[in-house]
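Trainee: Could we go through this chain together, one question at a time?
Mentor: Yes. Have the picture open and ask.

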Amino acid sequence: MAWRPSDWVLEGELDNRTLDWTVGWIRLRDREEPLQLKLLGNCHPDLAGWKFQIVRTDPIPDWVGEPNYDGIATDQSGTIGDVTADQVLRHYECSSKEFVRRSYAGETPPTTLRKSLYLEWYSNLNGRVVIQDTRLGVKRIGERGFELPQQQWRDQAKQNREEIYFFLGQVGDAIGNHGPGSGLDAD
(Lines give C-alpha, C1' and ligand atoms only; values in the text may rest on other atoms or scores of the structure.)
Protein backbone atom coordinates (compact mmCIF):
# COMPACT_ATOMS: atom_id res chain seq x y z
CA MET A 1 0.00 0.00 0.00
CA ALA A 2 1.36 3.37 -1.00
CA TRP A 3 0.19 6.79 -2.03
CA ARG A 4 1.02 7.14 -5.74
CA PRO A 5 0.67 10.75 -7.00
CA SER A 6 2.64 10.10 -10.21
CA ASP A 7 -0.04 11.31 -12.60
CA TRP A 8 -0.31 14.69 -10.87
CA VAL A 9 3.39 15.64 -10.66
CA LEU A 10 4.09 18.90 -12.50
CA GLU A 11 7.70 19.55 -11.50
CA GLY A 12 10.13 19.37 -8.63
CA GLU A 13 13.68 19.56 -7.44
CA LEU A 14 15.70 17.23 -5.21
CA ASP A 15 19.18 17.79 -3.81
CA ASN A 16 21.37 14.89 -2.65
CA ARG A 17 24.69 16.79 -2.66
CA THR A 18 24.97 16.34 1.13
CA LEU A 19 25.84 12.75 1.98
CA ASP A 20 22.94 10.91 3.70
CA TRP A 21 20.37 13.67 3.04
CA THR A 22 17.98 14.26 0.15
CA VAL A 23 15.89 17.43 0.33
CA GLY A 24 13.63 19.30 -2.05
CA TRP A 25 10.09 19.87 -3.23
CA ILE A 26 7.52 18.44 -5.65
CA ARG A 27 4.67 20.48 -7.13
CA LEU A 28 1.41 18.63 -7.83
CA ARG A 29 -1.52 19.58 -10.07
CA ASP A 30 -4.29 21.51 -8.27
CA ARG A 31 -2.32 21.70 -5.01
CA GLU A 32 -1.33 25.14 -3.80
CA GLU A 33 1.68 24.17 -1.69
CA PRO A 34 4.37 21.86 -3.04
CA LEU A 35 5.34 18.78 -1.04
CA GLN A 36 8.45 19.51 1.04
CA LEU A 37 10.85 16.57 1.30
CA LYS A 38 13.60 16.15 3.90
CA LEU A 39 14.71 12.54 3.64
CA LEU A 40 17.40 10.62 5.46
CA GLY A 41 19.45 8.67 2.92
CA ASN A 42 20.89 8.82 -0.57
CA CYS A 43 19.57 8.28 -4.07
CA HIS A 44 20.69 5.34 -6.22
CA PRO A 45 24.19 5.76 -7.73
CA ASP A 46 22.85 7.42 -10.93
CA LEU A 47 21.47 10.37 -8.88
CA ALA A 48 23.55 10.18 -5.68
CA GLY A 49 25.48 13.39 -5.11
CA TRP A 50 23.41 15.40 -7.60
CA LYS A 51 20.93 18.23 -7.38
CA PHE A 52 18.33 17.63 -10.08
CA GLN A 53 15.08 18.95 -11.44
CA ILE A 54 12.09 16.69 -11.94
CA VAL A 55 10.67 17.50 -15.37
CA ARG A 56 7.52 16.36 -17.11
CA THR A 57 8.62 14.99 -20.50
CA ASP A 58 5.01 14.47 -21.71
CA PRO A 59 1.90 16.37 -20.63
CA ILE A 60 -0.48 14.89 -18.07
CA PRO A 61 -2.76 12.63 -20.15
CA ASP A 62 -6.40 13.66 -20.60
CA TRP A 63 -7.59 10.38 -19.09
CA VAL A 64 -5.98 11.04 -15.67
CA GLY A 65 -8.58 11.49 -12.93
CA GLU A 66 -8.91 14.38 -10.53
CA PRO A 67 -6.43 14.42 -7.64
CA ASN A 68 -7.49 13.90 -4.04
CA TYR A 69 -5.05 15.24 -1.46
CA ASP A 70 -7.17 14.64 1.65
CA GLY A 71 -4.87 13.87 4.57
CA ILE A 72 -1.68 14.45 2.57
CA ALA A 73 0.80 16.58 4.51
CA THR A 74 2.98 19.25 2.92
CA ASP A 75 5.81 18.07 5.20
CA GLN A 76 7.06 14.81 3.73
CA SER A 77 10.04 14.38 6.08
CA GLY A 78 11.11 10.78 6.54
CA THR A 79 13.41 8.15 5.09
CA ILE A 80 14.41 7.75 1.48
CA GLY A 81 13.54 4.55 -0.37
CA ASP A 82 14.66 3.88 -3.95
CA VAL A 83 15.28 6.99 -6.06
CA THR A 84 16.56 6.45 -9.62
CA ALA A 85 16.15 7.74 -13.16
CA ASP A 86 17.59 4.54 -14.69
CA GLN A 87 14.55 2.28 -14.46
CA VAL A 88 13.21 1.12 -17.85
CA LEU A 89 9.51 0.35 -18.19
CA ARG A 90 7.01 -0.41 -20.91
CA HIS A 91 5.23 2.88 -21.65
CA TYR A 92 1.61 2.53 -22.72
CA GLU A 93 0.41 4.98 -25.33
CA CYS A 94 -3.21 4.68 -24.17
CA SER A 95 -5.34 5.00 -21.04
CA SER A 96 -5.55 2.11 -18.60
CA LYS A 97 -9.19 1.62 -19.62
CA GLU A 98 -8.17 1.38 -23.30
CA PHE A 99 -5.31 -0.94 -22.34
CA VAL A 100 -7.72 -3.33 -20.59
CA ARG A 101 -10.20 -3.17 -23.47
CA ARG A 102 -7.52 -4.01 -26.03
CA SER A 103 -6.06 -6.77 -23.89
CA TYR A 104 -9.46 -8.46 -23.47
CA ALA A 105 -10.02 -8.14 -27.21
CA GLY A 106 -6.74 -9.99 -27.83
CA GLU A 107 -5.08 -6.87 -29.27
CA THR A 108 -1.64 -5.67 -28.28
CA PRO A 109 -1.80 -2.16 -26.83
CA PRO A 110 0.73 0.28 -28.32
CA THR A 111 3.88 0.41 -26.16
CA THR A 112 7.48 1.59 -26.19
CA LEU A 113 10.35 1.01 -23.75
CA ARG A 114 11.26 4.18 -21.89
CA LYS A 115 13.31 5.31 -18.94
CA SER A 116 11.17 5.97 -15.90
CA LEU A 117 11.69 8.18 -12.90
CA TYR A 118 11.19 6.18 -9.69
CA LEU A 119 10.94 8.10 -6.40
CA GLU A 120 10.09 6.24 -3.21
CA TRP A 121 10.14 7.52 0.33
CA TYR A 122 8.63 6.76 3.73
CA SER A 123 6.93 9.87 5.08
CA ASN A 124 6.68 10.21 8.85
CA LEU A 125 3.11 11.49 8.37
CA ASN A 126 1.80 9.69 5.26
CA GLY A 127 3.70 6.39 5.06
CA ARG A 128 5.05 5.02 1.78
CA VAL A 129 4.94 7.34 -1.24
CA VAL A 130 5.86 6.18 -4.76
CA ILE A 131 6.21 8.28 -7.91
CA GLN A 132 6.94 6.10 -10.94
CA ASP A 133 6.30 7.48 -14.39
CA THR A 134 7.70 7.21 -17.90
CA ARG A 135 6.40 10.74 -18.48
CA LEU A 136 8.83 12.18 -15.90
CA GLY A 137 12.57 12.64 -16.16
CA VAL A 138 15.44 14.49 -14.52
CA LYS A 139 17.79 17.31 -15.44
CA ARG A 140 20.97 17.38 -13.35
CA ILE A 141 22.02 20.80 -12.05
CA GLY A 142 25.59 21.96 -11.44
CA GLU A 143 28.40 19.77 -10.20
CA ARG A 144 28.09 16.40 -8.53
CA GLY A 145 28.72 16.62 -4.76
CA PHE A 146 29.95 13.04 -4.29
CA GLU A 147 29.92 9.56 -5.80
CA LEU A 148 28.42 6.88 -3.61
CA PRO A 149 31.12 4.30 -2.73
CA GLN A 150 30.16 0.68 -3.47
CA GLN A 151 29.98 -0.28 0.22
CA GLN A 152 27.85 2.73 1.06
CA TRP A 153 25.48 1.85 -1.81
CA ARG A 154 25.17 -1.71 -0.45
CA ASP A 155 24.39 -0.25 2.99
CA GLN A 156 21.79 2.10 1.46
CA ALA A 157 20.16 -0.77 -0.47
CA LYS A 158 20.02 -2.82 2.76
CA GLN A 159 18.44 0.12 4.59
CA ASN A 160 15.86 0.46 1.79
CA ARG A 161 14.94 -3.24 2.10
CA GLU A 162 14.63 -2.95 5.88
CA GLU A 163 12.42 0.14 5.48
CA ILE A 164 9.96 -1.64 3.15
CA TYR A 165 9.85 -4.67 5.48
CA PHE A 166 9.16 -2.40 8.46
CA PHE A 167 6.44 -0.58 6.52
CA LEU A 168 4.81 -3.84 5.40
CA GLY A 169 4.92 -5.07 9.00
CA GLN A 170 3.05 -1.94 10.09
CA VAL A 171 0.43 -2.51 7.37
CA GLY A 172 0.05 -6.13 8.50
CA ASP A 173 -0.31 -5.04 12.12
CA ALA A 174 -2.94 -2.46 11.15
CA ILE A 175 -4.92 -5.04 9.18
CA GLY A 176 -4.57 -7.56 12.01
CA ASN A 177 -5.85 -5.02 14.52
CA HIS A 178 -9.02 -4.52 12.46
CA GLY A 179 -9.92 -8.16 12.00
CA PRO A 180 -12.71 -10.21 13.63
CA GLY A 181 -13.21 -9.39 17.26
CA SER A 182 -11.60 -5.94 17.04
CA GLY A 183 -14.95 -4.21 17.24
CA LEU A 184 -14.49 -2.89 13.71
CA ASP A 185 -15.80 -5.92 11.83
CA ALA A 186 -19.12 -5.66 9.99
CA ASP A 187 -22.18 -7.32 11.56
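**Charges, rings and strands**

Mentor: To begin, the charged end of Lys38 sits over the ring of Trp21, 5.4 Å from its centre. Keep in mind that this is a predicted model.

Trainee: Is Trp21 buried, partly exposed or exposed?
Mentor: Trp21 belongs to strand 2, residues 21-28. Its relative accessible area is 36%. Buried would need under 20% and exposed over 50%. Trp21 therefore counts as partly exposed.

Trainee: Which residues make a nonpolar surface patch with Trp21?
Mentor: The patch covers about 230 Å². Besides Trp21, the residues that make it are Val23 and Leu40.

Trainee: Over which ring does the charged end of Arg140 sit?
Mentor: The distance from the charged end of Arg140 to the ring centre is 5.9 Å. A charge has to be within 6 Å of the centre to count. The ring is that of Trp50.

Trainee: In what order do the elements of the chain run?
Mentor: The chain has two helices and eight strands. From the N terminus on, the order is β-β-β-β-β-α-β-β-β-α.

Trainee: Do strand 5 and strand 6 pair in the parallel or the antiparallel sense?
Mentor: Strand 5 spans residues 78-92 and strand 6 spans residues 111-123. They are joined over 11 bridges, and in one of the pairings Leu89 has Arg114 of strand 6 as its bridge partner. The sense is antiparallel.

Trainee: Which residue of strand 5 stands opposite Leu39?
Mentor: Strand 3, residues 35-40, runs parallel to strand 5, and two bridges join them. The residue opposite Leu39 is Gly78.

Trainee: How many aromatic pairs does a search of the whole structure find, and what is the geometry of Trp3 and Tyr69?
Mentor: The search finds two aromatic pairs. Trp3 and Tyr69 form one of them, with 6.5 Å between centres and 85° between the planes. Planes over 60 degrees apart count as edge-to-face, so the geometry of Trp3 and Tyr69 is edge-to-face.

Trainee: Why does the pair of Trp3 and Tyr69 tie together parts of the chain, and how many residues apart are they in sequence?
Mentor: Trp3 lies in the segment before strand 1, while Tyr69 lies in the loop between strand 4 and strand 5. Trp3 is buried at 14% relative accessible area, and Tyr69 is buried at 13%. Because the two rings lie in those separate parts, their pair ties together parts that are 66 residues apart.

Trainee: What is the centre-to-centre distance of Trp8 and Tyr69?
Mentor: Trp8 and Tyr69 are also an edge-to-face pair, with 85° between the planes. Trp8 is buried, with a relative accessible area of 15%. Trp3, Trp8 and Tyr69 form one aromatic cluster. The distance between the centres of Trp8 and Tyr69 is 5.9 Å.

Trainee: Which residue meets Arg29 in a salt bridge at 3.5 Å?
Mentor: A search of the whole structure finds 10 salt bridges. Arg29 is buried at 16% relative accessible area, whereas its partner is exposed at 62%. A network of salt bridges links the two with Asp30. The partner of Arg29 at 3.5 Å is Glu66.

Trainee: In which helix do Arg101 and Glu98 lie?
Mentor: Their side chains meet in a salt bridge, 2.8 Å from N to O. Arg101 and Glu98 are three residues apart, about one turn of the helix. The element is helix 1, residues 96-104.

Technical notes:
Residues are numbered from 1 along each chain as its sequence is written. This is a predicted model: local features need pLDDT of at least 70, side-chain atom pairs count only at pLDDT 80 or more; totals for chains, interfaces and linings use all residues. Side-chain values use heavy atoms; hydrogens and water are left out. Patches are made of residues with over 30% relative accessible area and no salt bridge: like charges are joined within 9 Å, nonpolar side chains (Val, Leu, Ile, Met, Phe, Trp, Tyr) within 5 Å. Accessible areas come from the Shrake-Rupley method with a 1.4 Å probe; for residues, only the protein chains shown count as cover. A salt bridge is a side-chain nitrogen of Lys or Arg within 4 Å of a carboxyl oxygen of Asp or Glu. Helices (H or I, at least four residues) and strands (E, at least two) are DSSP runs, numbered from the N terminus. Buried means under 20% relative accessible area, exposed over 50%, partly exposed in between (1.4 Å probe, protein chains only). Two strands pair if DSSP finds at least two bridges between them. Rings of Phe, Tyr and Trp (its six-membered ring) pair if their centres lie within 6.5 Å; planes under 30 degrees apart count as stacked, over 60 as edge-to-face and the rest as tilted. A charge sits over a ring if NZ of Lys or CZ of Arg is within 6 Å of the ring centre and within 35 degrees of the ring normal.
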